[in-house]
Amino acid sequence: MSRQIKCECGFVARAETDDEVVAQIEGHIRTAHPDLVETLSRDEIATWVEVVE
Ligand SMILES: [Zn+2]
């Protein structure tokens, strides 16, 4: 079982734990969507996590 988050642009972050996948998508948002960084909290991002096989 792993975790994934799909970004609206099509990027998919995938990792074994919630913390790791949130860290990955945060890194992606910082580089690909710097204008969104200010508007998103970690708690909000955590609600996007999907559990996948
Ligand atoms: Zn994106």
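The mean pLDDT of the protein chain in this predicted model is 96, and 100% of its residues reach 70 or more. Among the elements, H2 has the lowest mean pLDDT, 93, while E2 has the highest, 98.

**Exercise 1. The overall plan**

Establish which elements the protein chain contains and in what order they run, and then compare its radius of gyration with that of a compact globule.

Solution. The chain has two helices and three strands, and reading from the N terminus these elements follow the order β-β-α-α-β. For 53 residues, a compact globule would have a radius of gyration near 10 Å, and since the protein chain has 10 Å, the two values agree. The C-alpha trace spans about 30 × 20 × 15 Å along its principal axes. Of the 53 residues, 13% count as buried. As for how the chain is connected in space, one takes the contacts between residues at least 6 apart in sequence and finds that 30% of them join residues at least 24 apart.

**Exercise 2. Helix H1 and its two faces**

Check whether the length of H1 agrees with its 15 residues, and work out where its buried residues lie around the axis.

Solution. At 1.5 Å a residue, the 15 residues of H1 should span 21 Å, and the C-alpha atoms at its ends are 21 Å apart, so expectation and model agree. The next step is to list the buried residues of H1, which are Val21, Val22, Ile25 and Ile29. Because they cover an arc of only 100° around the axis, they are on the same side of H1. A general property of helices helps here: an α-helix has 3.6 residues a turn, so residues three or four places apart point the same way. The buried residues of H1 pack against strand E1 (2–6), strand E2 (12–15) and helix H2 (42–46). On the face turned away from this buried side one finds the exposed residues Gly27, Arg30 and Thr31. Arginine 30 counts as exposed because 11 other C-beta atoms lie within 10 Å, and the cut-off for exposed is 12 or fewer. Its C-alpha atom is separated by 18 Å from that of aspartate 18, which is 12 residues away along the chain.

**Exercise 3. The nonpolar core and its surroundings**

Identify the residues of the largest nonpolar core, and then follow the contacts of isoleucine 5.

Solution. The largest nonpolar core has six residues, namely Ile5, Ala13, Val21, Val22, Ile25 and Ile29. Helix H1 (residues 18–32) gives the most to this core, with four residues. In soluble globular proteins, nonpolar side chains tend to be buried together. Leaving aside neighbours within four places in sequence, isoleucine 5 is in contact with Ala13, Val21, Ile25, Trp48, Val49 and Glu50. One of these partners, tryptophan 48, is found in the loop between H2 and strand E3 (50–52). Although 43 residues separate tryptophan 48 from isoleucine 5 along the chain, their C-alpha atoms are 5.9 Å apart. Tryptophan 48 is nevertheless partly exposed, because 17 other C-beta atoms lie within 10 Å, whereas a buried residue needs 20 or more.

**Exercise 4. Two loop residues compared**

Classify glycine 10 and leucine 40 as buried, partly exposed or exposed, and give the distance of each from glutamate 26.

Solution. Glycine 10 has its place in the loop between E1 and E2, and with 6 C-beta neighbours inside 10 Å this glycine counts as exposed. Glycine 10 and glutamate 26 are 16 residues apart in sequence, and their C-alpha atoms are 15 Å apart in space. Leucine 40 lies in the loop between H1 and H2. With 14 C-beta neighbours inside 10 Å, leucine 40 counts as partly exposed. The C-alpha atoms of leucine 40 and glutamate 26, which are 14 residues apart along the chain, are separated by 9.3 Å. Finally, not counting residues up to four places away in sequence, leucine 40 touches Ile29 and Ile45, and Ile29 is itself a member of the largest nonpolar core.

Note on methods: Residues numbered from 1 in each chain as written. Predicted model: local features only at pLDDT ≥ 70, side-chain atom pairs only at ≥ 80, totals over all residues. Core = buried A, V, L, I, M, F, W, Y, C linked by C-beta atoms within 7 Å. Contact = placed C-beta atoms within 7 Å. Expected span 1.5 Å × (residues − 1). Arc of directions from axis to C-beta. Rg over C-alpha atoms; globule rule 2.2 N^0.38 Å. pLDDT = per-residue confidence, 0-100.
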